[in-house]
Every structure is written in structure tokens, then in C-alpha cells.
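Let's take a walk through this one together. Have the viewer open and follow along as we go from one spot to the next.

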Amino acid sequence: MNKRAVIGVILCAAMTLTGIGAYVPEKVKAEENTDTSKGVIIYPEEIETDTEDPFNDGYIPMDDNAVEDGAISETEENYGYPASYDARNDGIVTGVKYQGMYSTCWAFAALSAAETSMLKQGYADYNVKKNTPDYSEYHLAYFEYHSNASLDPIGGLEGDVNGVGTYERNYLTNGGSNISTILALSTWMGVADETTAPYGSATQSSSLPGNIEYTKNVAHLQNARMVSASSVSGIKKFITQYGSAVAGMYYSTMYFNKDYSAYYCYGSSTANHSVALIGWDDNYDFSEFTHKPEGKGAWLVKNSNGTGEIFYISYYDKVLCNQRAYAYQYEPADNYDFNYQYDGGFSTVVYNMANGNSLSNVFEVKGSSVEALDAVSIALADDNIAYSVQVYANPPKDKPTKGTPMLAQPVKGKTAEPGLYTIPLSEKLYLEKGETFAVVVTYEDTDAGDDTVRLYMDGDYQSANYSFNSHTEPGQSYLIEDGVTSDIYSHNFGVASDDKVTTGGAIGFCPRIKAFTEDASGSITPIDLSAAKVKLSKTVWNYVGKPVTPKATVTLDGKVIPSYYYTITYKNNDKPGIAVAEISGRALYSGRVNAAFTINPTTAMYRLYNPNSGEHFYTANEKEKDNVVAAGWQYEGVAWYAPKTSDLPVYRVYNPNAGDHHYSLSKKECDDLVKLGWKYEGIVWYSDEAEGTVLYRLYNPNCTGAGAHHYTVSAKEKDDLISIGWKDEGTAWYGLK
């Protein structure tokens, strides 16, 4: 596969509905990729209405076309799981609810999974009425199509818009999907308690106040997983680990045996209903279906449409097997305080990125005076992905990896299924309000022969029924590809501006990378740094014309303090003398400690040029420099810095006939020139005994007058002169580094 980036756009709501009872699935086609450097864009086709059955519960299999062939592998059915299981027996399944006349099965199934997840993990108790979770389908359905992103508490979703399109259908009959629900709930626009927005009060003309979208959540979606619903072991794993799974099916009474509450669709149809799978029976009786399936076994279903509230559906159901099954994992809403994010759109874009490359979001701390960064999240459209996470404090503009690394070692891991992953960091990272931090995630597909990773990104799309707009700004999101960092706002992904997906401004891409923090302003007592020990990278420096800024290692009680927990202010570091590095604690630390260092005086070496003779002249004497300039020479600045003294003096001699000066570390060379009539002018400066900066010496064999020798610290200048005939005479002496 081409290692360069490829974009595949899955537009999660691309469909045309011709009536309330007609569900129309998404179909996509891949246009021919004639330029592999530009990528592939996938757009929806025009779709005809499926009129086989008038029933429509509103389930939209937006991402379900991504499954494989839909065939069950007989060899994978058990994998050590029991032959049958019913999650109700463990007290982790809430009672059946009825969606009524509205197409909201997707909300009922998703929130049934949320309730089960909280019970499964012990965050709620089915046996204690006041602790039995009951979440609001009205709240979810309403805000999935009326999301007021401007009310996001941190402001990262400003400009993102999700709503009902221009078609006349209402949000309660518009339908929904698992993938969009996952994206919506990951923004923390729910889950809300049923008492916040009772489903019984929902009508096609009713509305909810915008200020309850983000403020009434009682649980946060932390993880979501996806697997082909043809994978019996995959769904069993989901039910075992998370308590339930959610999947799409085609519901029609013609396939339902109400005498046995058994369902098997053997026809070719499209999913129109979403249900929760809460158990299984590998030996379910063939005879209880209206038509004999290819094999034995059935899933236990929790329904919401009022027909067969609990029933069994065959493992081999033709439509179910061509869907994805989804697992949801939630935690109480007080697990984190702030969700830093930019991906507020409920549509999605699949981006194919070459192995070993990275995506980054840069955030500014806004929630409280001090926050602890606890975890980050990523969204993957691929399985078996290795990831590496590093966080950088206060990165320079457009350089997310050039800030201070906050983790001693990157957090690494490997995923199994595609989905949403919350990744706890190895330690809490404390940040102050107003600071910035970059979350950088590097990805690699570990499947043999696969050199790209499929990632979910935020992207926008509009149709008659849905409006998903993803707003981006410069300086928020970055692609780090083959070592080159690009701002995603303006990066050329190979999409023409008149296509449906572009970059920049209100229409753009955004990595689905979030960061979760807690308010630490009242929970920590800053540690005093005044007793800390400071070791500077050097305590004695030479002044070379610019401020001296030694690096510092700060330890307290034998523990090295990470550099992002303090700032260094330098005093008197721009001149010779005694300078001070003042270390001041921040975030987790307070107080200050000082460390002194010495800046030795040095000699500035001036370089001048005679435009008439072509000679360069060097002197440490400022008055001599001024006199030479007054005589018509051109001043070319400080060429290097020399030590005030050393055991390596540099001598100067003068040729009164040619008007030329010569400089040398060799007293003998100068004495020999004096014998030939040159005039000895003494020691003019000193060479650095530490051999810091090389002074190159060159000779022009064609020059018969002044300027036959040249001295420079520039390797490029040396090479340029050699290229036009000068001779390299090696190192003349050394200046200070």
C-alpha cells in the first residue's frame, strides 16, 4: 500500500428519506484514485427507498458497511465462553422501556448499554431503587440534533454545529446511529438522568433548554468498541466485559415468531432497528424460528419497540450479521472535571495515515487555576493498533513536539478492536491556567503487511436530514508526517476546494484526540522549593556577546523535579561577572531557590575590510578599530571572542612595503618574517586552550600584495574561498565557544 497519506471520507448521514416509514441506508463508492499522493475521497450515491416493510424504528447503520463478509465462523463460537448466558441474572440489565411512536430506538439501545455498564462496574445498584440508573433518551435524542457547542465549558467546540437538515422530518423521527451516538456522547453532552428530561414529555414540537446539554450529565462515555456482528466470539466478549452490546437489525413482523419470541431475518434487507444484546444461547432450538437458520444459536435481545420486549435473534440473522456490534463503557460524571476537545461534529472522516506518523491537538488550560491531566482519548477505525502518547508543555507556535516533555516515558499500548479508547497516563501532570499543552499520539498498525492506520477524524457533512459542521482554527491540530509538522487547518490533503470536504475554517478536519483533567486548585498543597538543590550545566562561562542561560537540574529530597514544574529567571547574565539563575516553583511547587554562576570577561575581536587593497584586518583594540574605520576601512563586526589570557598567545607582524598584516600562533614564523623585513607588533590576543571555535587560515597564491592571508570562523566562507583557488592552511588558532 502507498505509504503516503490517504483520506477516506465516510459521511455518516448521507441519505435521502422519502417518508417517515422509509429507512434508507448509506451506500458509498470509492472514486478511482489516479494520484496516490492525493488520496481517495468516498462520497455517497443517490439511494432509492427500501419499501419492503413500512416499519421504521430509526436506526441508521452509518458505519456498518465497514464490516467484512458477514459470515459466521463456526470455529470461533465458544472460545471458552459458557454455552448460554443471561445478563439479567447478574442484575445488570434495567427494565424494558418503550420508544412509542418515535424513531428513537438508537437512543434507547445506547442508553440501555449505558445503564448496564454502570451496573456492571458497580457504580449503580439494581437492587436499590434510588441507585438504579435510568437515563434520558429525550435528552440524548434532542441534543444529538440541537447541540449547542458554544456552551462547551472549555470552549473547544466553538463553531461546531450539529442539527436537523432542511428536510421536514423532526429530530424524534430522524433516526440515529451508534457511531454518531458514540461521537456525541464523547463530547459529554450526556448522559443525563431521566428526571432531567422525561421521555414522556417529548413531542415533535417540544424543546429543551440549551444550558442543560453539558451541565446535567451523570455519566461519561469513556470507551466504545466495535466488532462485526457476525463474530460470535466478539459479541460474547463485549457482553462478558461490558454487560451488553448494541447492534442493528432489520425488524419486520414477517420474521418474528411471537409464540416463541424468536426472530430470524432470512431476506435481503437493510437494518432499521437498534437493540441491546444481553445474552446468548448456543443451543437455541431451530424450530422456534419462522425459517430454519444455517446453524444453531441465538442472541438474547432487549427491545424497545413494544413487540417482543425480550426475544432471541439467530446468530445467522442475515441483516444482523452484516452490521457492526458496539460496546459502551461509562464512568460516573465526576471521574474528570474538564474535557479538552475540538472534535464536536457527530459525523466522521476516516483518515489513512502511514505507520509511525503522529497527530496532535494543542490545548490551553482554561478550567481552573491548576489542573491535573489524567488521561487522553483517541478514536480508531482500525484494529491492532500500537500507540504512543507524549504530552509537551508550552510548545512554541506550530511546533507541538518542541515543548517540554511531561511524561518521563511515553505511554504505550496496543488496541484490539476499532473504537474509542481512553488512555490513562502513567502519572498526573499538573498545569496552570493559561498554559498550553500538546497531546501527541503516534500510531502503527501491527498487522503484517499493513503500513497504514485508519483513524477517525472530525469532518463535516450536510444532507437534507442532517447538518454536521466541524469548525477548526489555526494552531489547534497538527499532522506530523515523516518528521514534518503541518497545521491541519491549512494542510493540503489533496481535496479540491469545490469538493464536499476541505480544510480550513468552518469546514475542516480535526483529530479525535481529547484530554481529560481534574480541578487540582483546591486539592493540592504546593511543595516548597526553597530547600531544593540546583545543579547548573556549567558554573563558569565565558562571555561571548550574548546572555548566558545554563540549564538546571533541580532535586528535592533526592528526587529530580521535572522542568515543567518550575521557571528559570536569569539575572546579570548578559555581561561578565556573577550571574544568578532563579528557580521559581509552579503548579505542584511553590517558592524559589537560587544558583549563582560566573561569566568571565573576554576579548571581542573586530574584523575590518579594506575595499581598496582587499585585505582583512583583525584587532582587539577598540580605538584601533575606530581609527582604521576613520581611514576608510569597512567595519564587519565582532568576528569571534578571545580569552583575556591563556598560554597560547597570537603574534602580529606588519609588512611596511606591502602594507599587509600577518597573525600566527608560531613565534618562530613571526621571527622568520621579521628577518625578511616585517615589523614585529607583539602579542595581540590569545587562543582558547579549550579549542572552542576554530579559526581557519587560508592563503591566496595569486595575491602579490596585501591580503594574501585570510582568517575566518565560517566553514562556509572557507569552502567558498577554496572553491575559487585559495589554499587551506588548516587551523590558525581558536576562539571561545
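Start with a lysine on a ring: K625 lies over the face of Y606, 5.0 Å from the ring centre. A second arrangement of this kind involves K292, which lies over the face of F286 at 5.3 Å from the ring centre. Keep in mind that what you're looking at is a predicted model.

Now zoom out for a moment. The protein has seven helices and 48 strands. It runs to 737 residues, and 56% of them count as buried. If you take the contacts with a sequence separation of 6 or more, 75% come from residues 24 or more positions apart.

Back to the rings. How many aromatic pairs does the structure hold? The count is 45. Take Y340 and F363 as one of them: their centres are 6.0 Å apart and their planes make an angle of 55 degrees, which puts the pair in the tilted class. Y340 belongs to strand β15 (residues 338-340) and F363 to strand β17 (residues 358-364), so this pair links distant parts of the chain, 23 residues apart. Both Y340 and F363 are buried.

For another geometry, go to W640 and W685. Here the ring centres are 5.6 Å apart and the planes sit at 80 degrees, so this pair is edge-to-face; the cut-off for that label is over 60 degrees. W640 comes from strand β42 (residues 634-643) and W685 from strand β45 (residues 679-686), so the pair ties together parts of the chain 45 residues apart in sequence. Like the previous two rings, W640 and W685 are buried.

Rings also gather in a bigger group. Select Y250, Y251, Y255, F256, Y263, Y264, Y266, Y284, F289, F311 and Y312, and you have one aromatic cluster.

Next, the helices. Is α2 (residues 137-144) enclosed by the rest of the structure or open? Eight of its eight residues are buried, so α2 is largely enclosed. Those residues are E137, Y138, H139, L140, A141, Y142, F143 and E144, so charged side chains are on the list too. At the start of α2, a side-chain oxygen of S136 comes to within 2.9 Å of the backbone nitrogen of H139.Helices α1 and α4 make a packed pair to look at. The axes of α1 (residues 105-120) and α4 (residues 232-242) come within 9 Å and cross at roughly 55 degrees. That angle makes α1 oblique to α4. On the α1 side the contact is made by T116, S117 and K120, and on the α4 side by T240, Q241 and Y242.

Two buried polar residues are worth a stop. Q222 is found in strand β7 (residues 219-228), and with a relative accessible area of 1% it is buried. Setting aside residues up to four places away in sequence, Q222 touches Q329, Y330, E331, N335, Y336, L420, Y421 and T422. Measure along the chain and Q222 is 201 residues from I423, yet their C-alpha atoms are 9.3 Å apart in space.

The other is S664, in strand β44 (residues 660-664). S664 has 3% relative accessibility, so it counts as buried. Its side chain makes a polar contact of 2.5 Å with the side chain of E669. Beyond neighbours within four places in sequence, S664 is in contact with P649, V650, Y651, E669, C670, R697 and W733.

Finally, a few backbone details to check in your torsion plot. The peptide bond from G190 to V191 is cis, with omega near 15 degrees, and V191 lies in the loop between α3 (178-185) and β7. A587 isn't a glycine, but its phi is positive, at about 60 degrees. You'll find A587 in the loop between β37 (577-585) and β38 (589-590), and at 5% relative accessibility A587 counts as buried. E691 also has a positive phi without being a glycine, near 55 degrees. E691 sits in the loop between β45 and β46 (693-699). Is E691 buried or partly exposed? Its relative accessible area is 48%, so E691 is partly exposed.

Note on methods
Residues are numbered from 1 along each chain as its sequence is written. This is a predicted model: local features need pLDDT of at least 70, side-chain atom pairs count only at pLDDT 80 or more; totals for chains, interfaces and linings use all residues. Side-chain values use heavy atoms; hydrogens and water are left out. Rings of Phe, Tyr and Trp (its six-membered ring) pair if their centres lie within 6.5 Å; planes under 30 degrees apart count as stacked, over 60 as edge-to-face and the rest as tilted. Helices (H or I, at least four residues) and strands (E, at least two) are DSSP runs, numbered from the N terminus. Buried means under 20% relative accessible area, exposed over 50%, partly exposed in between (1.4 Å probe, protein chains only). A charge sits over a ring if NZ of Lys or CZ of Arg is within 6 Å of the ring centre and within 35 degrees of the ring normal. A polar contact is a pair of N or O atoms within 3.5 Å; within protein, one must be able to donate a hydrogen and the other to accept it, and residues adjacent in sequence count only if both atoms are side-chain atoms. Axes are lines fitted to C-alpha atoms, for helices over the stretch in contact, and angles run from 0 to 180 degrees between N-to-C directions. Angles under 35 degrees count as roughly parallel, over 145 as roughly antiparallel, 65 to 115 as roughly perpendicular and the rest as oblique. Contact means heavy atoms within 4.5 Å.
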